[in-house]
Amino acid sequence: MEEKQFIRAERKAFIWVNAGCILLLAGLMVWKYSPLVQNLNAPCVFHEILHLYCPGCGGTRAVYALLRFDLVESFGCHPFVLFVAGILLEYYIGAVITLIRNNGKRYYYLRTWFCYVALGIVVVNFILRNILLVRFHYDFIGDLLPYWQ
């Protein structure tokens, strides 16, 4: 690929990723602060029937904690969010270096193992959180402990 086409494609990808992140943050803010949307929350089947945490439980709280720069709470609510934030940070740093140097070389790489690690984090978090809740009565989030005591 020619160098100018490469830089043009990198700028376009950078703009799309930024637009997606801005839309995601705007959606989270609307979800959190709009009184109309707060009444539309559907109950979680894991929570209501099984009294267990689902694989994504704590994800929204982790995002809100990350937006407050509380990394420990974000990791405790759901480590997947912090992992994805790290991957995005690596992408942004590499993309900015790529666009600044403007030499046709990419300084970031999306790797396949990111997906496997992310899936592993979700599965391990799901299993570990529910074992700690049911067997040892330890609940970091604090929603389901009354059902298991």
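The legends below accompany several views of a predicted model of one protein chain.

**View 1. The whole chain is built from helices.** Let's start with the full picture: the chain has eight helices and zero strands. Read from one end of the sequence to the other, the pattern is α-α-α-α-α-α-α-α. The radius of gyration is 19 Å, well over the 15 Å that the globule rule gives for 149 residues, so the chain is more spread out than a compact globule. Along its principal axes, the C-alpha trace spans about 65 × 35 × 25 Å.

**View 2. Surface, burial and charge across the chain.** If you like bulk descriptors, here are a few to keep beside the fold. Of the 149 residues, 27% count as buried. The accessible surface comes to about 10400 Å², and carbon and sulfur atoms account for 70% of it. Among contacts between residues at least 6 apart in sequence, 58% join residues at least 24 apart. The chain carries 13 positive and 9 negative charges, and the mean positions of these two sets are 7 Å apart.

**View 3. Helix H4 and its packing partners.** Zooming in, we come to helix H4, which covers residues 59-67. Which residues of H4 are buried? They are Gly59, Ala62, Tyr64 and Ala65. An α-helix has 3.6 residues a turn, so residues three or four places apart point the same way. The buried residues of H4 pack against helix H1 (3-33), helix H5 (71-77) and H6. After H4 comes phenylalanine 69, a residue with a positive phi, near 65 degrees.

**View 4. The salt bridge of glutamate 73 and arginine 68.** The structure holds two salt bridges, and you can look at each in turn. Side chains of opposite charge can pair when their charged atoms come close. Here glutamate 73 pairs with arginine 68, and the closest N and O atoms are 3.0 Å apart. Glutamate 73 is partly exposed, with a relative accessible area of 30%.

**View 5. The salt bridge of glutamate 90 and arginine 111.** In this pair, the closest N and O atoms of glutamate 90 and arginine 111 are 3.3 Å apart. Glutamate 90 lies in helix H6 (residues 79-101), while arginine 111 sits in the loop between H6 and helix H7 (113-136), so the salt bridge ties together parts that are 21 residues apart in sequence. Are the two partners buried or partly exposed? Glutamate 90 is partly exposed at 32% relative accessibility, and arginine 111 is also partly exposed at 32%.

**View 6. Leucine 132 in helix H7.** Next, have a look at leucine 132, which is found in helix H7. With a relative accessibility of 28%, leucine 132 counts as partly exposed. Setting aside neighbours within four places in sequence, leucine 132 is in contact with His137 and Tyr138. Valine 81 lies 51 residues away along the chain, and its C-alpha atom is 20 Å from that of leucine 132.

**View 7. Tryptophan 148 in helix H8.** Our final stop is tryptophan 148, in helix H8 (residues 145-148). Which residues does tryptophan 148 contact, leaving aside its neighbours within four places in sequence? The partners are Leu50, His51, Leu52, Leu133, Val134 and His137. Tryptophan 148 is partly exposed, with a relative accessible area of 28%. From C-alpha to C-alpha, tryptophan 148 and arginine 135 are 8.8 Å apart in space and 13 residues apart in sequence.

Note on methods: Residues are numbered from 1 along each chain as its sequence is written. This is a predicted model: local features need pLDDT of at least 70, side-chain atom pairs count only at pLDDT 80 or more; totals for chains, interfaces and linings use all residues. Side-chain values use heavy atoms; hydrogens and water are left out. Helices (H or I, at least four residues) and strands (E, at least two) are DSSP runs, numbered from the N terminus. The radius of gyration is taken over C-alpha atoms; the globule rule is 2.2 Å times the number of residues to the power 0.38. Buried means under 20% relative accessible area, exposed over 50%, partly exposed in between (1.4 Å probe, protein chains only). Contact means heavy atoms within 4.5 Å. Accessible areas come from the Shrake-Rupley method with a 1.4 Å probe; for residues, only the protein chains shown count as cover. Lys and Arg count as positive and Asp and Glu as negative; His and the chain ends are not counted. The place of a charge is taken as NZ of Lys, CZ of Arg, CG of Asp or CD of Glu. A salt bridge is a side-chain nitrogen of Lys or Arg within 4 Å of a carboxyl oxygen of Asp or Glu.
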